[in-house]
Amino acid sequence: MKNEFLPPKSLRDVNTHYCSGCGHGILHRLVAQVIDELGLRERVIGVAPVGCAVLAYNYWDFDVSEAAHGRALAVATGIKRSRPEKIVFTYQGDGDLASIGIAETLHTANRGENLTCVFVNNACYGMTGGQMAPTTMIGQKTTTTPWGRDPAFGEGWPLKVSELLAPLKGVSYLARSSISKPQGVRQTYQYIKKAFINQIEKKGFSMVEVLSPCPTIWKKTPIEAAKWIDQEMVKEFPLGVIKE
Amino acid sequence: MEKNKKLTKVLMSGNEAMGEAAIRAGCKFYSGYPITPQNELTAYMARRMREEGRAFVQAESELAAINMIFGAAVTGVRTMTSSSSPGISLKQEGISYLAGCQLPAVIINVMRGGPGLGNIDSSQSDYFQSTRGGGHGDYFTPTLAPWSAEEATKLVVLAFDLADYYRTPVLVLADAIIGQMMEPVGLPFERMFKKKLPKKTWALTGAKKRPANAVMSLLLGDRVLQRHNERLGRKWDKIKEKEQRFDTYKVQDAKYLIVAYGSQARIAFEAVDILRKQNIKAGLFRPISLWPYPEKGLKELAKGVKKVLVVEQSLGQMVEDVRAALPLGEISFLGKAGGGIPLAKEIVGAIKKSL
Amino acid sequence: MKVEILISGFGGQGIMSLGKFLAKAALSEGKEVTYFPSYGAEMRGGTAHCCVKISDSPIASPFEEHPDVALIFNQPSLDKFKKKIKKDSILILNSDLMSEQVSINNSRGACLSLSKIAIDCGNIKVANVVALGALIALDPSIFKKETLVKGLKLTFKNQNTLKQNLLALDKGQALLSSKTYL
């Protein structure tokens, strides 16, 4: 019988710097597991964002490049166009992908770049200490929305990137999941796997948006954080396959 | 302006010639964004790269373009982007990352007038930005300034070699005149760099039969970044020592030395001939590498010279490097900014005034 | 030998094409040459111009200073460059696009109906080549006619267009050979 609990080869056996209850550890493992399962470790090139996951190359045991803030998909475009036989993915947070890098996100998707993008939505800037992100929920308190995000004060509404990209012809696959529960983790694994298979099959741009807990910034326990995703975030960011 | 009858000469603009040089140097990925006066270069690459079966992407922004170049460089292929002054300002973040991550890439700046949107006339006002690092952090960008379409081709090829040899981004600093002007260009292009280039073992190509590689410029931890900067510092020192380049004209017996680079050097060249006809012993010192500045050559030449005149299409930027190289020299400056070009008769006038 | 040629007119009159054509022709005769265009969007609708310099020795500055030859295709171009044109310059003007009665006192000048002659050749776009024909009539030393004919044959693959251009060259040349100019 296969032991499901052996760590993937693509994941290094080290402690991460992530906070307790953070979603990155789970997601790093899911990505590594997909890469192992599809036999991609020797031809995959990952692009890490600026944000908490910037050190991802310390945890993944395959080739990884950093990118300037928001530019992961531009860097990935350069990699993929230079070496089309490689499997290239970005791993980006909401500040990186949806705010400073939204132009790159939109245009990479619109060009139909044959890339895989893992978009980690935790409704805040984590690394810099908890500022408002484009995905921050209405009423959510952050260091830059101390009274809670309020559109009446010009702070806008949560940006739904997956829905924004859905009409673009270059986009082949969009799905949103949550890793707040074990079944969500399994679902996320399936979505990410599909997003990589699409690239192998040259189908164009695939993105999986993952609702991921940030207990430290949310000032919640890991269990409360998971509940907040299930009870609040999913109302704004409904789960499921958005485009296939 | 070099006479070389052995080569086949083709009429090309500097912009097209630089594009062709990049292709012949083995550039595998180009990305750019529209901006005058370098649009012919992007258009040339759009056509030629596909003909060669290589990758061309018109980027959504200057930021995306430089970061696509970053991505290509990460995989170890030769890569280039081009723009003009306002666009190069936008690219500075990416150039800083390239330098920090020690990635080879070639960036062409076909300079126009500034600050701000400025105009589209020729200018040399990005000298400071080019030779002082340009972006954030402690780094320098080797900078090569061509004075003709033909030399531009050689310097683009050299830029690729220098970038690979030193693992750092290299800038070719042209200007609107060099980019727009058409001249006979010799094919194939000459290779100026003779050293063997190192293997790119650091490149990300998939972790096959080797440990995984990582490209990064974030270096946390006790003195990790400090040591990285010290390593970079030794690299900058080595480049300063080895890569100073310049050219001269009628300097053997010169008493009056004109210092100019790029398109301005062509006009200074004309001024030297006019002055010589009037029995005034003028000569031209033309820096080709702006960083590192060819101070050794300048110091040597200045020994027998009475006066030095620096001429620039700016309010005075390179003149600071001349002053630094010749602290005791009698140095005067003639410059125009915002598209103004110091003319040969004005240079002649300035020299005669100082007699 | 050192010649500076200024060509100026509206965008679309084949100003740049003519400049590049002449630069290539000079190169094919083994001459040193520079071609410098006006560029950028702000030029459209106004004047587009270019400067071609041809010499036996290397050329330093590519800019127009005092052209030896000026081919001027419209009134705004004449207004713009009038001051730079020397008394002994060869000056060819397109009388069809001059809003005022121009008097030129150049010893080697001609005000010609370039656009109308081009229409006679079957294509208004060949007005630039009519001017070129006039130029070789005024001064046969700059370009050999066979070089230009060869160049036109290389440039135009379409036989009809080539015919129109060759006709324009002949008509331009014939105009001045028969001394019907100012």
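**Strand 1 of chain A and its sheet**

In the predicted model, A:Ile45 of strand 1 stands opposite A:Val88, a residue of strand 3 of chain A. Strand 1 of chain A and strand 3 (residues 87-93) of chain A run parallel and are joined by four bridges. Strand 1 of chain A is also joined to strand 2 (residues 63-65) of chain A, through three bridges and again in parallel. Here A:Val47 has A:Ser65 in strand 2 of chain A as its bridge partner.

In a regular strand, side chains alternate between the two faces of the sheet. For strand 1 (residues 44-47) of chain A, both faces are covered. A:Val44 and A:Gly46 are buried on one side, and A:Ile45 and A:Val47 are buried on the other. Helix 1 (residues 24-37) of chain A lies across strand 1, strand 3, strand 4 (116-121) and strand 6 (205-211) of chain A. The helix runs at about 165° to strand 4 of chain A.

The sheet is open, has eight strands with mixed pairing, and follows the order 7(A)-5(A)-6(A)-4(A)-3(A)-1(A)-2(A)-9(B). Its edges are formed by strand 7 (240-243) of chain A and strand 9 (214-215) of chain B. Each of these has a single partner strand, so one side of each is left without a neighbour in the sheet.

Key. Residues numbered from 1 in each chain as written. Chains lettered and ligands numbered in written order. Predicted model: local features only at pLDDT ≥ 70, side-chain atom pairs only at ≥ 80, totals over all residues. Buried ≥ 20, exposed ≤ 12 C-beta atoms within 10 Å, placed from the backbone. Helix = DSSP H or I, 4+ residues; strand = E, 2+ residues; numbered from the N terminus. Pairing = 2+ DSSP bridges. Contact = placed C-beta atoms within 7 Å. Axes fitted to C-alpha atoms, helices over the stretch in contact; angles between N-to-C directions.
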